[in-house]
Amino acid sequence: WGGVQTIKYSQATAKRVESTRAGTLAGQDRLFDVSLFNEWLDATYNDETGLAGAYEKRFRPEFRPAFEAWLATDPFNNPNAPPGPLYMPEYLDSLNEQSAQLEAEAAAVFEEGKAAYQQSTAYLLNTVFLATVLLFITISQRFEWTPIKIAILAIALMMLLLGLYRLATFPVY
């Protein structure tokens, strides 16, 4: 179980690295969208239609639906329009979604690692429990009086049966 734990933690770490990478790229996309939109907005306000058109052609395909939805709100005349396309529900970034998905997967795999750790600990505690049986058997040999020997051996037998039962019911990986 210790090996399973290590593997699961390593897998979770790898997924978190992928998630961070996707999140960073999503942030770069967002900065690109903001920058290009601001340039488009500046050109539009300055009636530089050719320049505004050139900027608009360079919008990312994922940005375009949000931009068109924002334009549909008549933002230049409607004071209640959102401040920009990035505030529209249509603004999505697949890398951001991928980052969130990878983070969720990493959390799930990490939980599997924690479960493996708990199982490893349970096996270890059961080993100590069974070692205590051996201790009781050894102690019982020190006594001359038979009833005390029988009592200690009975306790050892109950502990042995309980330890073996737990061992038989533990999951095996």
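**View 1. A nonpolar surface patch of leucines.** Leu157, Leu160, Leu161, Leu164 and Leu167 make up a nonpolar patch on the surface, together offering about 420 Å² of accessible area. Patches take residues with over 30% relative accessible area and no salt bridge; nonpolar side chains (Val, Leu, Ile, Met, Phe, Trp, Tyr) are joined within 5 Å, like charges within 9 Å. Accessible areas come from the Shrake-Rupley method with a 1.4 Å probe, and for residues only the protein chains shown count as cover. Leu157 sits in helix α5 (residues 146–169). Its relative accessible area is 48%, so Leu157 is partly exposed. Buried means under 20% relative accessible area, exposed over 50%, and partly exposed in between (1.4 Å probe, protein chains only). The model is predicted: local features need pLDDT of at least 70, side-chain atom pairs count only at pLDDT 80 or more, and totals for chains, interfaces and linings use all residues. Residues are numbered from 1 along each chain as its sequence is written, and side-chain values use heavy atoms, with hydrogens and water left out.

**View 2. The whole chain.** The protein chain has five helices and zero strands. From the N terminus on, its elements run α-α-α-α-α. Helices (H or I, at least four residues) and strands (E, at least two) are DSSP runs, numbered from the N terminus. The C-alpha atoms fill a box of roughly 110 × 30 × 20 Å along the principal axes. The radius of gyration is 33 Å, where a compact globule of 173 residues would have a value near 16 Å. That radius is taken over C-alpha atoms, and the globule rule is 2.2 Å times the number of residues to the power 0.38. Of the 173 residues, 27% count as buried.

**View 3. A salt bridge between two loops.** Side chains of opposite charge can pair when their charged atoms come close. Asp93 and Arg60 meet in a salt bridge (3.9 Å, N to O). Asp93 lies in the loop between α3 (64–72) and α4, and Arg60 in the loop between α2 (49–57) and α3, so the pair ties together parts that are 33 residues apart in sequence. A salt bridge is a side-chain nitrogen of Lys or Arg within 4 Å of a carboxyl oxygen of Asp or Glu. Asp93 is buried at 6% relative accessibility. Arg60 is buried at 13%. Both residues belong to a network of salt bridges that links Asp29, Asp33, Arg60, Glu62 and Asp93. The structure holds nine salt bridges.

**View 4. Two further salt bridges.** Glu56 pairs with Arg64 in a salt bridge, with the closest N and O atoms 4.0 Å apart. Glu56 is partly exposed at 28% relative accessible area. Arg64 is partly exposed too, at 24%. In helix α4, Lys114 and Glu111 lie three residues apart, about one turn of the helix. Their side chains form a salt bridge (3.4 Å, N to O). Lys114 has a relative accessible area of 33% and is partly exposed. Glu111 is partly exposed, at 43%.

**View 5. A negative surface patch.** Glu39, Asp42, Asp47 and Glu48 form a negative patch on the surface. Asp and Glu count as negative, Lys and Arg as positive; His and the chain ends are not counted. The place of a charge is NZ of Lys, CZ of Arg, CG of Asp or CD of Glu. Glu48 is in the loop between α1 (2–45) and α2. Glu48 is partly exposed, at 37% relative accessible area.
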